[in-house]
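Hi,

Here is the structure I said I'd pass on. Have a look at it first, and my notes are underneath.

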Amino acid sequence: MGRIFAVANQKGGVGKTTTAVNLAACVAEAGYSTLLVDLDPQANATVGVGLPKDLTPSIYEVLSGESPTVAAIRASRINNLSVVPSTPGLAGAGVELPQNQDYQHILKAALESVRDQFEFIIIDCPPSLGPLTVNALAAADEVIVPVQSEYYALEGLAGLLETLELVQRELNPSLTVCGLVLTMHDPRTRLSRDVETELRTHFPRLVFDTVIPRNVRIGESPSHGLPVIHHDPHCAGAEAYVALAREVAARV
Ligand SMILES: Nc1ncnc2c1ncn2[C@@H]1O[C@H](COP(=O)(O)OP(=O)(O)O)[C@@H](O)[C@H]1O
Ligand SMILES: [Mg+2]
């Protein structure tokens, strides 16, 4: 049965989608049957693996009960990597979901039926702690938190960890924090080095050894609809995501 990972942080622009797409691509490349679930109305993960953001059925139809999950699963052009795409219409789900009883568990129920077809299921969360992210955290076995190497990185992290504890208590006792990953790291800057030191001091066991560098190839690969390991397999960004995938696989 596939292990479910949510990539979550309520801050935007910290590298959630980049991490979800590239982690999914790296475990798929390693031979694991992998499903990437795009749970953000921005649909950046969908586009990042080369699919358009107007496919139906999408995750929206799955969550609203209009489509079985299996009908929303698309092949991508990457071996072993399937995708449940998103569309901008998913924004409506933030309002509609809470009208259902037990709405926090709708995604969990939807993934149950396809779980044994995959070894890794990776959910890209939107930049909020709203109903969509709560559904992801209720469905997940593990959460991965990208943390951008910048000045306000730690601000909001305490709030996120409190939310995770609340979810563990109220909705999903088996949820585990798989790890925190530093993204867009630039070791030449004092700021990046300070953020890394501070994060490792506060969360010694949780921070992955692998640090994702700020890397031009990572930034440009979505515009080609490709994960970075397929856009430029030997760049520093690709090597970092391969190393992160190994660490994640070793932690589960
Ligand atoms: N390691 C990196 N190096 C360079 N650019 C990056 C890196 N990680 C993310 N980006 C870019 O930063 C922006 C925000 O990243 P994204 O993954 O979309 O964040 P989020 O999903 O948290 O909003 C995107 O344009 C992305 O391509
Ligand atoms: Mg995103």
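Below is what I found, going from one loop to a helix.

Keep in mind that this is a predicted model.

Let's start with the loop between β6 (142-148) and α8 (157-170), which is where S149 is found. With a relative accessible area of 8%, S149 counts as buried, because the cut-off for that is under 20%. Its side chain makes a polar contact with the side chain of H185, at 2.9 Å. If you list what S149 touches, leaving out residues up to four places away in sequence, you get L182, T183, M184, H185, S192 and V195.

Y151 lies in that loop between β6 and α8 too, but here the picture flips: Y151 is exposed, since its relative accessible area is 62% and the threshold is over 50%. Y151 also belongs to a nonpolar patch on the surface, together with Y152 and L191. The accessible area of those three together is about 360 Å².

Now for helix α12, residues 236-251. Does its length add up, or what span should we expect? At 1.5 Å a residue, its 16 residues should span 22 Å, and the end C-alpha atoms are 23 Å apart, so the two agree.

The buried residues in α12 are G237, A238, A240, Y241, L244, A245, E247 and V248. What covers them includes β1 (3-7), α1 (16-29), β7 (176-183), α10 (216-220) and α11 (228-231). β6, the strand just before the S149 loop, is also among the elements covering them.

Cheers

How values were computed. Residues are numbered from 1 along each chain as its sequence is written. Chains are lettered from A and ligands numbered from 1 in the order in which they are written. This is a predicted model: local features need pLDDT of at least 70, side-chain atom pairs count only at pLDDT 80 or more; totals for chains, interfaces and linings use all residues. Side-chain values use heavy atoms; hydrogens and water are left out. Helices (H or I, at least four residues) and strands (E, at least two) are DSSP runs, numbered from the N terminus. Buried means under 20% relative accessible area, exposed over 50%, partly exposed in between (1.4 Å probe, protein chains only). A polar contact is a pair of N or O atoms within 3.5 Å; within protein, one must be able to donate a hydrogen and the other to accept it, and residues adjacent in sequence count only if both atoms are side-chain atoms. Contact means heavy atoms within 4.5 Å. Patches are made of residues with over 30% relative accessible area and no salt bridge: like charges are joined within 9 Å, nonpolar side chains (Val, Leu, Ile, Met, Phe, Trp, Tyr) within 5 Å. Accessible areas come from the Shrake-Rupley method with a 1.4 Å probe; for residues, only the protein chains shown count as cover. A salt bridge is a side-chain nitrogen of Lys or Arg within 4 Å of a carboxyl oxygen of Asp or Glu. The expected span of a helix is 1.5 Å times one less than its number of residues.
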